[in-house]
Protein chains: 2
Amino acid sequence: MLQTATRRLAATDATLLPAHKPPGTRGLILAAGLKLFAERGYAGASIRELADAVGVQPASLYAHYPSKEHVLSALCRIGHEELLRRVRRTLQGCGEDPRDQVFAYVRGHVGMQSAFPMLAVVANAELHALSPALSAASLGLRQQSIQLLTDIVQRGAQQGVFTVPDVWLAVAAIGAMGDRVAYWYTPDHKLSTRFVCEVYAQYALRILAASPAGPSA
Amino acid sequence: MLQTATRRLAATDATLLPAHKPPGTRGLILAAGLKLFAERGYAGASIRELADAVGVQPASLYAHYPSKEHVLSALCRIGHEELLRRVRRTLQGCGEDPRDQVFAYVRGHVGMQSAFPMLAVVANAELHALSPALSAASLGLRQQSIQLLTDIVQRGAQQGVFTVPDVWLAVAAIGAMGDRVAYWYTPDHKLSTRFVCEVYAQYALRILAASPAGPSA
DNA sequence: GTCTATATGAAGATAGAC
DNA sequence: GTCTATCTTCATATAGAC
């Protein structure tokens, strides 16, 4: 009853950048919570398990976070910040051609999902467990990331370089494709991060029926 | 702390066919469990809430299912059976052209996700909560569904009608795109089921860089 | 098959010493 | 900031009458 048949996701390491983690025990709590929430879900992981993983008593957690929900909230926020940061970075200096921009966006998106699979799973799949006050920041960041892509696709469609029956539907498809990567990618996967990013960026352009690149590409 | 900010999925009705449901209270338990597990996750829903939703006392549930886990197991199985049934049906009589077969498969897949969003979400996203014995049947069915698509794409690639850098990666992308539909589709969505199915089937062919159809299409 | 009542354990969170 | 100890509520599941 405790053992799970299939792992929820393939990754086993709760990867977090030093920049993501507050120093000391707070950082340890985030890392341990990330692994637990990714593997068993927010509701399926207990404060006691979290404390065990950190190596402290359950009560000690409350010196750092006022509730279990606040730990999840912090993780979701870090995940959505990392995603937005990445797509903004890959978009920087890639020019005005919507094809280049979609390519860059998907590289950033898939790069995030494969570099931080647990963070991506938790930020996306556990957000619904938060109360409105604690999910608001993450929802805002997510909306910004989606809007970035939507604007690019919209502009490309208007310019005639993309041909899609519905912009929103195409954005949903490209997003879904990238988000899923977090569930199966591991650092030792036979396909490299770079390869997956490039291939999915190409698939995105195919979905959009992107016309062959002009002089700018 | 109890209210969720964003719904986990847009659908609000726990759609199940009469053919899916055992008669009497067992059927009511499945329908109520489907809604609860879809909206709050397996671990986030309690036996008491389930009993409340059915309109019986918690103890009465155990006359029908030996445990909460068995309710989830039944739901996952129904979902994966429905998916396999649908893709098999749409594949029937669509000929040997891999392009037609991919188109049919995705119509069946997306058709399932939009017709039974809660069932699709539970069957896919909650399967990890089951012990091996109770998830085995669903895992087998899922594997069959995936293999069907994999074989089609593989054959199309060998015949030269599809051009993909990696078959598995393309299948993952097409599957992810379709699976996601269950999270946003509702019966009163401005896009019709039929439209979404057709568009995503087309996107799948685009991902595969399908060559223009020959005489058979 | 449903009920009332309850066993038994685990949940999130707090009090207060050190 | 961490501990021990505990409060209170809720969890899954069972016993046994009707």
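Buried area is the accessible area, taken with a 1.4 Å probe, that two parts lose on being put together, summed over both. The exercises below use a predicted model.

**Exercise 1. Find how much area is buried between chain A and chain B, and which residues of chain A lose the most.**

Step 1. Take the total. About 3,700 Å² is buried between the two chains.

Step 2. Split it by atom type. Carbon and sulfur atoms give 65% of that area.

Step 3. Look at the side of chain A. His128(A), Leu169(A) and Arg206(A) lose the most area to chain B. Together they make up 19% of what that side buries.

**Exercise 2. Work out how chain A and chain B are related, and whether the contact surface is shared or distinct.**

Step 1. Superpose the copies. A turn of 180° with a shift of 0.0 Å along the axis lays chain A on chain B, at an RMSD of 0.0 Å.

Step 2. Name the relation. It is that of a two-fold axis.

Step 3. Compare the contact residues. The same surface serves both copies, since 100% of the contact residues of chain A recur in chain B. Each chain's share is listed as 46 residues from chain A and 46 residues from chain B.

**Exercise 3. Describe the polar links across the interface and the elements of chain A that build its side.**

Step 1. Count the links. There are 2 salt bridges between chain A and chain B, and 10 residue pairs are in polar contact across the interface.

Step 2. Inspect one salt bridge. The side chains of Arg180(A) and Asp179(B) meet at 2.7 Å, N to O.

Step 3. List the elements. Helices H1 (25-40), H7 (132-159), H8 (167-184) and H9 (193-207) of chain A each give two or more residues to the side that touches chain B. H8(A) gives the most, with 11 residues.

Step 4. Sort by class. This side of chain A has 26 nonpolar, 11 polar and 9 charged residues.

**Exercise 4. Identify what surrounds DNA strand D, and which parts of the strand are contacted.**

Step 1. Collect the residues. 16 residues surround the strand; the closest are Gln57(A), Ser60(A), His64(A), Ile47(B) and Arg48(B). They divide into 8 nonpolar, 6 polar and 2 charged.

Step 2. Place them. Helix H3 (58-61) of chain A and helix H2 (47-54) of chain B each supply at least two residues.

Step 3. Check the phosphates. A backbone N or O atom of Gln57(A) lies 2.7 Å from a phosphate oxygen. A polar side-chain atom of Tyr62(B) lies 3.2 Å from a phosphate oxygen.

Step 4. Check the bases. A polar side-chain atom of Arg48(B) lies 3.1 Å from a base nitrogen.

Step 5. Weigh the strand's atoms. Of those within 4 Å of the protein, 55% belong to sugar or phosphate and the rest to bases.

Definitions and conventions. Residues are numbered from 1 along each chain as its sequence is written. Chains are lettered from A and ligands numbered from 1 in the order in which they are written. This is a predicted model: local features need pLDDT of at least 70, side-chain atom pairs count only at pLDDT 80 or more; totals for chains, interfaces and linings use all residues. Side-chain values use heavy atoms; hydrogens and water are left out. A residue is near a molecule or strand if one of its heavy atoms lies within 4 Å of it. A polar contact is a pair of N or O atoms within 3.5 Å; within protein, one must be able to donate a hydrogen and the other to accept it, and residues adjacent in sequence count only if both atoms are side-chain atoms. Helices (H or I, at least four residues) and strands (E, at least two) are DSSP runs, numbered from the N terminus. Ala, Val, Leu, Ile, Met, Phe, Trp, Tyr, Cys and Pro count as nonpolar, Asp, Glu, Lys and Arg as charged, and the others, Gly among them, as polar. Copies are superposed by least squares on the C-alpha atoms of residues with pLDDT of at least 70 in both. Contact means heavy atoms within 4.5 Å. A salt bridge is a side-chain nitrogen of Lys or Arg within 4 Å of a carboxyl oxygen of Asp or Glu.
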